[in-house]
Every structure is written in C-alpha cells, then in structure tokens.
Amino acid sequence: MLGAVVPVFNVPGVNDIRFSSDVLADIFLGKISNWNDGRLAKDNPGVKLPDQKIIVVHRSDGSGTSYIFTDYLSKVSKEWANGPGKGTSPSWPVGVGGKGNEGVAGLVRQLPGALGYVELIYALQNKIDYGEVKNPAGNFVKASISGVTEAAASVKVLPADYRVSITNAPGATAYPISSFTWLLVPLNSPDAARARSSRTC
C-alpha cells in the first residue's frame with residue numbers, strides 16, 4: 001500500500017499554505033516561530049499570513065507517521081538529521097503532543113496558529129486543511145494519489161528486505177512525504193484460528 005503524510009494547519013482566514021522543505025524543517029526545529037515570517041511569506045505571495053505564533057503539534061506516541069515525517073525532515077535538513085533524526089518517537093525540539101492522528105488533528109483544530117502532521121487519508125476524511133510541500137523538482141505539490149504514485153515509481157527494484165524510502169523522491173509532481181506501508185502476516189502460526197483470520201484481513 002502507499003500513503004502520505006501532510007502538514008495540517010489552523011490559520012484563521014487561510015485555507016492553503018505552501019511549505020518549502022527547509023522552512024518546514026525549521027518550523028519543527030523551533031527556528032521559525034511566527035506565521036508571518038519572511039521565509040513563509042516568500043513561498044506564499046498574495047496570502048495574508050497573520051502575525052501569530054506557530055504552535056507545533058506532533059505525535060506523543062510512537063508511530064509510523066512520525067517515522068515517515070522525520071525521515072523526510074532528515075533528508076531535507078542537515079540540522080534535523082544531526083539532531084532529532086528520524087524515528088517513531090524522536091525527541092521533538094518544540095511543540096505539544098497528541099496521541100494518534102486524531103489527537104494531533106484535535107489539537108490543531110482547537111489551537112489557532114497550530115501546525116501538525118497526519119496521514120493524508122485522515123486529513124481527507126476529516127476535511128482538515130493541509131498545505132502544499134515543495135518537492136526536489138522545485139514544484140509545490142498538494143498530496144494526492146497520483147503524486148504518491150509518482151514518488152513510488154522512482155523505486156525501480158525493491159531490495160530483498162523491502163527496506164526502501166520514497167520520501168523526497170524525484171519527479172515533477174511527486175509528493176515528497178510519501179511512503180510504502182507494509183502489512184506483515186506470518187505464514188505459520190501456533191494459533192490456527194488467528195492465522196486464518198489474519199490472512200483474510
């Protein structure tokens with residue numbers, strides 16, 4: 001399966017925001033702390049970004065979503081790679097934590113000025129505003145099935161252990177925070193009934 005992680009936000013009066021990779025990393029590093037920061041404004045000409053503090057929201061629990069997001073941040077920011085790094089439960093430099101996609105989304109909705117990250121399907125199902133992200137080709141891309149598919153197409157041969165990352169993949173319309181999602185099902189199990197049920201999921 002394929003999926004994506006998207007930056008969700010709550011900025012009154014604004015329903016679309018563009019994020020360069022370095023800007024997104026620096027927000028989560030705490031180096032950019034206000035929505036009207038000059039670097040954000042440069043990426044968003046014509047958008048009236050308010051003089052308002054950015055409240056970073058991240059996962060409080062270990063998650064694959066955090067791994068995908070921090071894998072991406074580690075590729076686009078040396079400071080992130082050498083600091084928090086990638087992982088399911090990194091040491092977040094700033095922000096407040098929410099449990100699960102629902103916890104992050106709930107905090108983003110409650111807190112004006114908030115910015116977090118959730119799975120694309122969760123944002124779509126719950127009608128949460130999410131931003132465009134600049135890809136390696138220099139294009140701002142809104143996450144979509146086609147953009148995730150293009151990112152996956154950059155992998156020509158899967159390694160034997162299936163360990164492959166498609167964050168920050170090349171491609172004109174490739175969405176940069178994309179990932180494969182694996183479902184591991186044992187072939188043999190001591191519990192026959194449980195084995196049958198897992199193979200039909």
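These exercises walk through one predicted protein model, each with a worked solution.

Residues are numbered from 1 along each chain as its sequence is written. Local features need pLDDT of at least 70, side-chain atom pairs count only at pLDDT 80 or more, totals for chains, interfaces and linings use all residues, and side-chain values use heavy atoms, with hydrogens and water left out.

**Exercise 1. The whole chain**

Task: State how many helices and strands the chain has, and what share of its residues is buried.

Solution:
- Begin with the elements. Helices (H or I, at least four residues) and strands (E, at least two) are DSSP runs, numbered from the N terminus. The chain has eight helices and eight strands.
- Next, burial. Buried means under 20% relative accessible area, exposed means over 50%, and partly exposed lies in between (1.4 Å probe, protein chains only). Of the 201 residues, 44% are buried.
- Then the surface. Accessible areas come from the Shrake-Rupley method with a 1.4 Å probe; for residues, only the protein chains shown count as cover. The chain's accessible surface is about 10400 Å², and carbon and sulfur atoms hold 53% of that.
- Last, contacts, meaning heavy atoms within 4.5 Å. Take the contacts with a separation of 6 or more: 64% of them join residues 24 or more positions apart.

**Exercise 2. The nonpolar core**

Task: Find which residues touch the most other members of the largest nonpolar core, and which element gives the largest share.

Solution:
- Fix the term. A nonpolar core is a set of buried Ala, Val, Leu, Ile, Met, Phe, Trp, Tyr and Cys residues joined through side-chain atoms within 4.5 Å.
- The largest core has 47 residues; Ile 27, Phe 28 and Leu 40 touch the most other members.
- At least two core residues come from each of strand E1 (2-9), helix H1 (21-29), E3, H3, helix H5 (100-110), E5 and helix H6 (120-125). H1 gives the largest share, six residues.
- Look at Leu 40 itself. Beyond four places in sequence, its contacts include Val 23, Ile 27, Trp 35 and Ile 54.
- In soluble globular proteins, nonpolar side chains tend to be buried together.

**Exercise 3. Helix H1 and its partner**

Task: Describe how H1 is covered and how H1 packs on H3.

Solution:
- Seven of the nine residues in H1 are buried. They are Val 23, Leu 24, Ala 25, Asp 26, Ile 27, Phe 28 and Leu 29.
- Axes are lines fitted to C-alpha atoms, for helices over the stretch in contact; angles run from 0 to 180 degrees between N-to-C directions. The H1 and H3 axes lie 9 Å apart, at an angle of about 115 degrees.
- At this contact, Ser 21, Leu 24, Ala 25 and Phe 28 of H1 meet Phe 69, Tyr 72, Leu 73 and Val 76 of H3.
- Step past the end of H1. Gly 30 has a positive phi of about 85 degrees.
- Now go to the loop between H3 (64-76) and H4 (78-82), where Ser 77 sits. Ser 77 counts as buried because its relative accessibility is 7%. Outside four places in sequence, Ser 77 contacts Ala 25 and Leu 29.

**Exercise 4. Strands and sheets**

Task: Say which strands pair with E3, and which strands stand at the edges of the E2-E6-E7 sheet.

Solution:
- Two strands pair if DSSP finds at least two bridges between them.
- E3 (residues 55-59) pairs in the parallel sense with E5 (residues 114-119) over two bridges. In that pairing, Ile 55 has Ala 114 as its bridge partner.
- E3 also pairs in the parallel sense with E4 (residues 96-98), over three bridges. There, Arg 59 stands opposite Gly 98.
- Four of the five residues in E3 are buried.
- Turn to the open sheet. Its three strands run in the order E2-E6-E7, with mixed pairing. E2 (18-19) and E7 (140-141) are the edges: each has a single partner strand, so one side of each has no neighbour in the sheet.
- E6 (residues 132-134) and E7 run antiparallel, joined by two bridges. Lys 134 is bridged to Phe 140.

**Exercise 5. Two residues**

Task: Decide whether Val 133 and Lys 127 are buried or exposed.

Solution:
- Val 133 lies in strand E6. Its relative accessibility is 0%, so Val 133 counts as buried.
- Val 133 and Tyr 175 are 42 residues apart along the chain, yet their C-alpha atoms are separated by 7.5 Å.
- Lys 127 lies in the loop between H6 and E6. Lys 127 is exposed, because its relative accessible area is 72%.
- Lys 127 also has a positive phi, near 50 degrees. Most residues other than glycine have a negative phi.
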